[in-house]
Amino acid sequence: MENHRVQEMMQLMASKIRAIATLISDKDVDAFIAEILHARRIYVMGAGRSGLVAKGFAMRLMHLGLQSYVVGETITPALQKGDLIVIFSGSGRTKTVADIAETGKEIGAHICLITSNADSRIGKIADCKVIIEHQRDDVDDDAAEFEIRQVLGDHKSFAPLGTLFETTSMIFGDAVISRLMEITKTDESALKNRHANIE
C-alpha cells in the first residue's frame, strides 16, 4: 500500500468533487429548489452516513426559517399530502429508505431524491432527482448496498468507506442553502438567530 500525505488525499478528494459538480444538471437543481420553496413542510431522510448528511441539511433548512423535520425522530409530526420528502441515497434502493419513500408517495407527498442512481426503486417514484455521480463499490445486490458498505465494512473504491457520495452531497446541500439565502434575501444574521442556544 502506498503512503500519501493526508493533505494530498484531501486535494484528490476536492478535485474529484469539483469534477462531479460540473456534471450536476442546472435543470435538476432548479426543480429541487422549486420543490423546497413551494413546500409547506420538508421531511429529510437517509441511511447511515447519508442520514447524517440529511440531518445536517434539515438543520440548515430550519436555520433558513423553513419547517423541516428528520424522518424517524420521535418529535417528527405525521406526514400529510403535499409535504416534501428529501432523500439522500447513493443507490436509491436502500430497503428501509425506499419503503418509507413509497409510503410517503401513497400519502401524497412529493419526493426529491439526491442520488447516483436515477433508475432506482426510489428514482422511479421521485418527483425530482439530482444526480451526483461518483465511484461506487461493486455489489451483487444493489438493494443491499447500505448493509454491505456500512454494516459489514466491505469497501473497495478510493474514498473513505468506499464513496465520495456523502461528502459531495453535504457540499451540495450547503450550496443549495446558500442559493436559497440569495433567493429569499436572507442574510447570515437571520440564520444565527435560529441557531441552537441551549447546547
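**Entry 1: strand S3 and its partners**

I began with the pairing of S3 and strand S4 (residues 110–115), which is parallel and runs over five bridges. This is a predicted model, and I kept that in mind on every page. For a single pair in this ladder I picked Phe88, whose bridge partner in S4 is Ile114.

Next I looked for a partner of S3 besides S4, and found strand S1 (residues 42–46), again parallel and again with five bridges. Here Val44 stands opposite Val86 of S3.

How many of the five residues of strand S3 (residues 84–88) are buried? I counted five of five, so the strand is largely enclosed by the rest of the structure. I then checked which way the side chains go. Leu84, Val86 and Phe88 point one way from S3, while Ile85 and Ile87 point the other way. I had expected something of the sort, because side chains in a regular strand alternate between the two faces of the sheet. In S3 the residues on both sides are buried.

**Entry 2: strand S1**

I moved on to S1, which also pairs in parallel with strand S2 (residues 68–70), over three bridges. Ile42 stands opposite Ser68 of S2 in that pairing. Four of the five residues of S1 are buried, so S1 too is largely enclosed by the rest of the structure.

**Entry 3: the whole chain**

With those strands noted, I stepped back to the chain. My tally came to seven helices and five strands. Following the sequence, I wrote the order down as α-α-β-α-β-β-α-β-β-α-α-α. The chain has 199 residues, and 42% of them count as buried.

I also looked up how far along the sequence the contacts reach. Among contacts with a separation of 6 or more, 70% join residues 24 or more positions apart. The exposed surface of the chain is about 11200 Å², with 54% of it supplied by carbon and sulfur atoms.

**Entry 4: two residues of helix H3**

Is Ser50 buried or exposed? Ser50 belongs to helix H3 (residues 48–63). I noted a relative accessibility of 6%, so Ser50 counts as buried, the cut-off being under 20%. Setting aside residues up to four places away in sequence, I found Ser50 touching Phe88, Phe165 and Glu166. Phe88 was already in my notes as the residue of S3 bridged to Ile114.

I looked at Leu52 as well, also in H3. Leu52 has 59% relative accessibility and counts as exposed. Glu166 turned up again here: its C-alpha is 8.7 Å from that of Leu52, although 114 residues separate the two in sequence.

**Entry 5: Glu102 in helix H4**

My next stop was Glu102, in helix H4 (residues 95–107). At 27% relative accessibility, Glu102 counts as partly exposed. Which residues does Glu102 contact, leaving aside its neighbours within four places in sequence? I found Arg121 and Ile125. I also checked the distance to Ala126, 24 residues away along the chain, and the C-alpha atoms are separated by 9.5 Å.

**Entry 6: the largest pocket**

I then turned to the largest pocket, with a volume of about 170 Å³. Which helices each supply at least two residues of its lining? The answer is helix H1 (6–23), helix H2 (26–38) and helix H6 (165–184). H6 gives the most, with six residues.

I went through the lining by name: Ile17, Ala21, Ile24, Val29, Ile33, Thr168, Ile171, Phe172, Ala175, Val176 and Arg179. By type, these divide into nine nonpolar, one polar and one charged.

**Entry 7: Lys185**

I finished with a backbone angle that caught my eye. Where does Lys185 lie? I placed Lys185 in the loop between H6 and helix H7 (188–193). Its phi is near 55 degrees, a positive value in a residue other than glycine. I flagged this because most residues other than glycine have a negative phi. Lys185 is also exposed, with a relative accessible area of 75%.

Technical notes:
Residues are numbered from 1 along each chain as its sequence is written. This is a predicted model: local features need pLDDT of at least 70, side-chain atom pairs count only at pLDDT 80 or more; totals for chains, interfaces and linings use all residues. Side-chain values use heavy atoms; hydrogens and water are left out. Buried means under 20% relative accessible area, exposed over 50%, partly exposed in between (1.4 Å probe, protein chains only). Contact means heavy atoms within 4.5 Å. Accessible areas come from the Shrake-Rupley method with a 1.4 Å probe; for residues, only the protein chains shown count as cover. On a 1 Å grid over the protein atoms alone, a cavity is a set of points where a 1.4 Å probe fits but cannot get out, and a pocket is an open set with protein on both sides within 12 Å along at least five of seven lines; lining residues have an atom within 4 Å of a point. Grid points are joined across faces, edges and corners, and a volume is the space filled by probe spheres set on the points. Ala, Val, Leu, Ile, Met, Phe, Trp, Tyr, Cys and Pro count as nonpolar, Asp, Glu, Lys and Arg as charged, and the others, Gly among them, as polar. Two strands pair if DSSP finds at least two bridges between them.
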